[in-house]
Amino acid sequence: MTNNSVGLYIHIPFCKKKCLYCSFYSVKSDEVSETLFLALLEEIQSYRDKHISVDTIFIGGGTPSLLSVSQMERLFEEINHSFNVSGEITIEMNPDSITDDKLKVLKSLGVNRISVGVQSLVDEELKAIGRIHNAQVAIDAINTVNKYFDNINIDLMVGLPNQTIESLSYTLNKLFTLNFTHCSVYSLILEENTPLYNLVQNGLILPDSDISVDMYEFATLELEKHGFYRYEISNFALSGYECKHNSNCWHFHEYIGIGPSSHSYYEDTRFSNPETIERYLNKDNKTIYPIEDKNTRVGEYIMLALRTREGIDKNDFKQKFGLDFDSIFKNILSNKDINTSCVSTTKRFYIKPEFYYVSNSIIVNMLEAM
Ligand SMILES: C[S@@+](CC[C@H](N)C(=O)[O-])C[C@H]1O[C@@H](n2cnc3c(N)ncnc32)[C@H](O)[C@@H]1O
Ligand code: SF4
């Protein structure tokens with residue numbers, strides 16, 4: 001499944017403070033340690049002789065906006081030396097570490113998409129999940145980003161402690177007075193190894209799952225009213241502003257991950273870096289996953305493609321796996337529930353967006369039918 005260009009993901013594993021709900025790998029720090037930073041440069045450099053073309057870059061975390069201006073400059077110098085770079089370049093930024101200086105430098109380095117982790121514009125909700133910014137800091141940050149960039153994603157969350165449809169409506173209405181082109185909306189996942197999980201075990205009440213589904217539905221309708229198109233289960237964009245990096249991953253394009261805990265799918269092989277900073281600096285081995293059998297691959301393709309509005313392209317499916325989609329899924333395509341929740345045309349098979357909330361069970365049914 002080799003593609004001419006690949007995506008590049010760089011993981012910055014530091015946050016000023018860990019949010020109560022988050023299980024992504026990052027450690028508490030006000031800055032990006034120079035030792036780890038140099039190791040990231042070295043890993044990027046290790047690809048230099050391969051002459052790889054990169055058509056999307058995503059710098060994520062953790063909190064990449066903790067990189068200093070000098071680190072941002074050195075990072076891009078190394079990326080440009082090691083890869084042939086074009087296309088979309090995104091960096092995730094937390095509202096409290098967005099500054100004019102950093103934005104100006106990022107712009108001059110070729111970054112063309114900024115993702116701001118807002119989550120909510122209600123102070124009590126932000127506090128309840130342990131964010132260090134308040135609503136005003138987030139609003140000021142978005143306005144500052146607007147001075148330099150026009151392609152801006154906002155991350156929001158639903159199902160937060162104390163959140164109601166009314167408070168979500170307040171967040172969205174405030175947001176719609178600002179300029180942005182893309183919105184990722186995540187339903188809170190209660191991860192077992194997080195402080196929020198312990199708080200819930202000890203009596204903290206979260207909105208129940210029906211209310212969270214209603215909140216998601218409400219956010220969807222509001223975003224659609226404002227021209228944002230739901231092109232993937234959790235992602236909404238104005239036309240032309242879909243995230244290319246993530247879209248490529250959902251469509252089985254290859255990517256290289258740099259930094260602790262990052263994953264790669266490169267030269268038809270999946271591998272991941274050591275998970276912790278210590279093991280990464282120690283140059284522990286990457287974990288190389290066994291080549292999946294064809295069934296597993298088909299399953300993964302289906303799982304990823306069905307997250308998107310485009311769904312499964314039956315021609316692409318045939319080209320990649322030599323299989324005829326309609327014949328393999330003949331039984332399931334005549335199933336009444338699947339017919340209600342999905343659309344099958346000669347070219348495509350996709351889940352109707354109003355049934356995304358049961359997408360997991362649809363996908364499981366499909367995988368079982370293989
Ligand atoms: C890993 S964070 C990195 C970006 C940045 N540090 C931030 O917090 O804005 C990316 C996004 O994942 C989402 N996220 C993290 N943990 C989550 C969870 N347990 N449930 C739902 N969304 C989560 C948040 O919306 C966050 O903006
Ligand atoms: S949500 Fe973002 S800021 Fe919060 S701990 Fe996770 S990566 Fe860090």
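**Strand pairing, cores and ligand shells in a predicted model**

In this predicted model, strand E1 is joined to strand E11 (residues 255-258) by 4 bridges, and the two strands run parallel. Within this pairing, Ile 10 stands opposite Ile 258 of E11. E1 also pairs with E4, again in the parallel sense, over 8 bridges. In that pairing the bridge partner of His 11 is Gly 60 in E4. Strand E1 spans residues 5-12 and is mostly covered, with 7 of its 8 residues buried. Pairing of this kind, parallel or antiparallel, runs through backbone hydrogen bonds between the strands of a sheet.

The chain is divided into two domains, domain 1 covering residues 5-249 and domain 2 covering residues 310-369. Taken over C-alpha atoms, the centres of domain 1 and domain 2 are separated by 31 Å.

The largest nonpolar core holds 69 residues. The members that touch the most others are Leu 8, Val 116, Val 145, Ile 154, Val 158, Cys 183 and Ala 219. When residues up to four places away in sequence are not counted, Ile 154 touches Val 116, Val 118, Leu 175, Phe 180 and Cys 183. A second core, separate from this one, has 14 residues, including Leu 306, Ile 312, Phe 329 and Ile 351. In soluble globular proteins, nonpolar side chains tend to be buried together.

Ligand 1 has 16 residues around it, and those that come nearest are Phe 24, Gly 117, Asp 155, Tyr 186 and Ile 189. Three strands each give two or more residues to this shell, namely E4 (52-61), E6 (113-119) and E7 (152-158). By class, the residues around ligand 1 comprise 7 nonpolar, 6 polar and 3 charged.

The surroundings of ligand 2 consist of Cys 15, Lys 18, Cys 19, Cys 22, Phe 24, Ser 26, Gly 61, Gly 62, Thr 63, Asn 94 and Gly 117. This shell divides into 4 nonpolar, 6 polar and 1 charged residues. Phe 24 and Gly 117 occur around ligand 2 and are also among the residues that come nearest to ligand 1.

Two of the residues around ligand 2, Gly 61 and Gly 62, are linked by a cis peptide bond with omega near 15 degrees. Gly 62 is placed in the loop between E4 and helix H2 (69-82). Most peptide bonds are trans, and most residues other than glycine have a negative phi.

Positive phi values are found at two residues that are not glycine. Asn 162 has a phi of about 70 degrees and lies in the loop between E7 and helix H6 (165-175). Asn 162 counts as partly exposed because it has 16 C-beta neighbours inside 10 Å. Lys 283, with a positive phi of about 60 degrees, is placed in the loop between helix H10 (277-281) and strand E14 (287-288). Lys 283 has 11 C-beta neighbours inside 10 Å and therefore counts as exposed.

Antiparallel pairing is found between strand E9 (residues 229-232) and strand E10 (residues 235-237), which are joined by 3 bridges. In this pair Tyr 229 has Ala 237 of E10 as its bridge partner. The connection from E9 to E10 is a hairpin through 2 residues.

A further antiparallel arrangement is an open sheet of 3 strands in the order E15-E17-E16. Its edge strands, E15 (312-313) and E16 (342-344), each pair on one side only. E15 is joined to E17 (residues 348-351) by 2 bridges, with the strands running antiparallel, and Asp 313 has Arg 348 in E17 as its bridge partner. Ile 312 and Ile 351 are both members of the core of 14 residues; Ile 312 falls within the bounds of E15, and Ile 351 within those of E17.

Helix H15 (residues 336-341) contains Thr 340. Thr 340 counts as exposed, because 9 C-beta neighbours lie inside 10 Å. The C-alpha atoms of Thr 340 and Phe 355 are 9.0 Å apart in space, with the two residues 15 apart in sequence.

Notes
Residues are numbered from 1 along each chain as its sequence is written. Chains are lettered from A and ligands numbered from 1 in the order in which they are written. This is a predicted model: local features need pLDDT of at least 70, side-chain atom pairs count only at pLDDT 80 or more; totals for chains, interfaces and linings use all residues. A residue is near a molecule or strand if its C-beta atom, placed from the backbone, lies within 6 Å of it. Ala, Val, Leu, Ile, Met, Phe, Trp, Tyr, Cys and Pro count as nonpolar, Asp, Glu, Lys and Arg as charged, and the others, Gly among them, as polar. Two strands pair if DSSP finds at least two bridges between them. A nonpolar core is a set of buried Ala, Val, Leu, Ile, Met, Phe, Trp, Tyr and Cys residues joined through C-beta atoms within 7 Å. A residue is buried if 20 or more other C-beta atoms lie within 10 Å of its own, exposed if 12 or fewer, and partly exposed in between; C-beta atoms are placed from the backbone. Two residues are in contact if their C-beta atoms, placed from the backbone, lie within 7 Å. Domain bounds come from an automatic or database domain assignment.
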